[in-house]
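Let's take a walk through this structure together, one piece at a time. Keep the 3D view open and turn it as we go.

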Amino acid sequence: MACTRSQRLGYDFPVVGLGGFGFTKYVGGESASPEERATLCSAAVVKAIEMGCTYIDVAPGYGGGEAERLLGPALAPHREKVFLSCKTGEFRKSTAAAVAQMENSLAVLQTSYFDLFQFHAVTTDADVDKILGGAPVASSVQLLAPVLALQPCGALAQTVVRWRP
């Protein structure tokens, strides 16, 4: 699969990523059993990796958490082969809510780290101020790094990029 190189991160990103939103009721259709969905999800992850698609994106809100519940076991045996991106929209409530959501995502996804952490759906100036502005927002970025055992390496317009140590 074609890739584009991130010089700053030293990572070759595939030009196609695997979006976690599809791992909800769409896997196997609405009538599929949980076991059928889990089997199909695992097969999709394996096939994506075989094809060179190693960027996987998910969020706790996708399918009310169903995407994370399906992807966790599917990704576990392949975790070191993929660049896993997750996000939180809970920053709008509080830093504590964002931290709690991210800790839950780590547990459900059966991983100890995310390769990329994003603040989800940053659409307003107020969102940007919450993330990058004064208290309690500046603390959001600072508090999440140690909780997630990650080191910040830069920021983009709508995404805070993190890399594991």
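**A charge over a ring**

Start with R79 and Y113: the charged end of R79 sits over the ring of Y113, 4.0 Å from its centre. Before going further, keep in mind that what you're looking at is a predicted model.

Where does Y113 belong in the chain? You'll find Y113 in the loop between α3 and β6 (116-119). Its relative accessible area is 6%, and since anything under 20% counts as buried, Y113 is buried. The side chain of Y113 also has a polar contact, at 3.2 Å, with the side chain of E80. If you want another landmark, try C86: its C-alpha atom is 9.9 Å from that of Y113, and the two residues are 27 residues apart along the chain.

Now go back to R79, which has a second partner. Its side chain meets that of D115 in a salt bridge, with 3.1 Å from N to O. That pair links distant parts of the chain, as R79 is in the loop between α2 and β5 while D115 is in the loop between α3 and β6, 36 residues apart. Are these two charged residues buried or exposed? R79 counts as buried at 7% relative accessibility, and D115 is buried too, with a relative accessible area of 5%.

Time to zoom out. The protein chain has five helices and eight strands, and reading from the N terminus they come in the order β-β-β-α-β-α-β-α-β-α-α-β-β. Of its 165 residues, 45% count as buried. The accessible surface comes to about 8,100 Å², and 58% of that belongs to carbon and sulfur atoms. Take the contacts in the chain with a separation of 6 or more: 67% of them are between residues 24 or more positions apart.

One helix deserves a visit of its own. Helix α2 covers residues 66-75, and seven of its ten residues are buried, so the helix is largely enclosed by the rest of the structure. Which residues of α2 are buried? They are A67, E68, L70, L71, G72, A74 and L75. What do they pack against? Look around them and you'll see α1, β4 (55-57), β5 (83-88) and α3 (95-108).

Helix α2 also holds a salt bridge, where the side chains of R69 and E66 meet at 3.3 Å, N to O. Both residues lie in α2, three residues apart, which is about one turn of the helix. An α-helix has 3.6 residues a turn, so residues three or four places apart point the same way. R69 is partly exposed, with a relative accessible area of 45%.

E66 leads us on to T24, which touches R37, Y62, G63, E66, A67 and L70, leaving aside residues up to four places away in sequence. T24 is in the loop between β3 (18-19) and α1 (34-50), and at 5% relative accessibility T24 counts as buried.

Next come the aromatic rings, where the structure holds two pairs. In one of them, F21 and Y62 meet edge-to-face, with 5.4 Å centre to centre and 85 degrees between the planes. This pair links distant parts of the chain: F21 is in the loop between β3 and α1, Y62 in the loop between β4 and α2, and they are 41 residues apart. F21 is partly exposed, with a relative accessible area of 44%, whereas Y62 counts as buried at 14%.

The other pair is Y55 and F83, which are stacked, at 5.9 Å centre to centre with 25 degrees between the planes. Y55 lies in strand β4 and F83 in strand β5, so the pair ties together parts that are 28 residues apart in sequence. Y55 is buried, with a relative accessible area of 19%, and F83 counts as buried at 2%.

Stay with β4 and β5 for the last stop. The structure holds five salt bridges, and one of them joins the side chains of D57 and K87, at 2.6 Å from N to O. D57 lies in strand β4 and K87 in strand β5, so this pair ties together parts that are 30 residues apart in sequence. Both D57 and K87 are buried.

Definitions and conventions: Residues numbered from 1 in each chain as written. Predicted model: local features only at pLDDT ≥ 70, side-chain atom pairs only at ≥ 80, totals over all residues. Heavy atoms only, no water. Helix = DSSP H or I, 4+ residues; strand = E, 2+ residues; numbered from the N terminus. Buried < 20%, exposed > 50% of the residue type's maximum accessible area, 1.4 Å probe, protein only. Contact = heavy atoms within 4.5 Å. Areas by Shrake-Rupley, 256 points an atom, 1.4 Å probe, with all protein chains shown as cover. Phe/Tyr/Trp six-rings, centres within 6.5 Å; stacked < 30°, edge-to-face > 60°. Lys NZ or Arg CZ within 6 Å of the ring centre and 35° of its normal. Polar contact = N/O pair within 3.5 Å; in protein donor to acceptor, adjacent residues only side chain to side chain. Salt bridge = Lys/Arg side-chain N within 4 Å of Asp/Glu carboxyl O.
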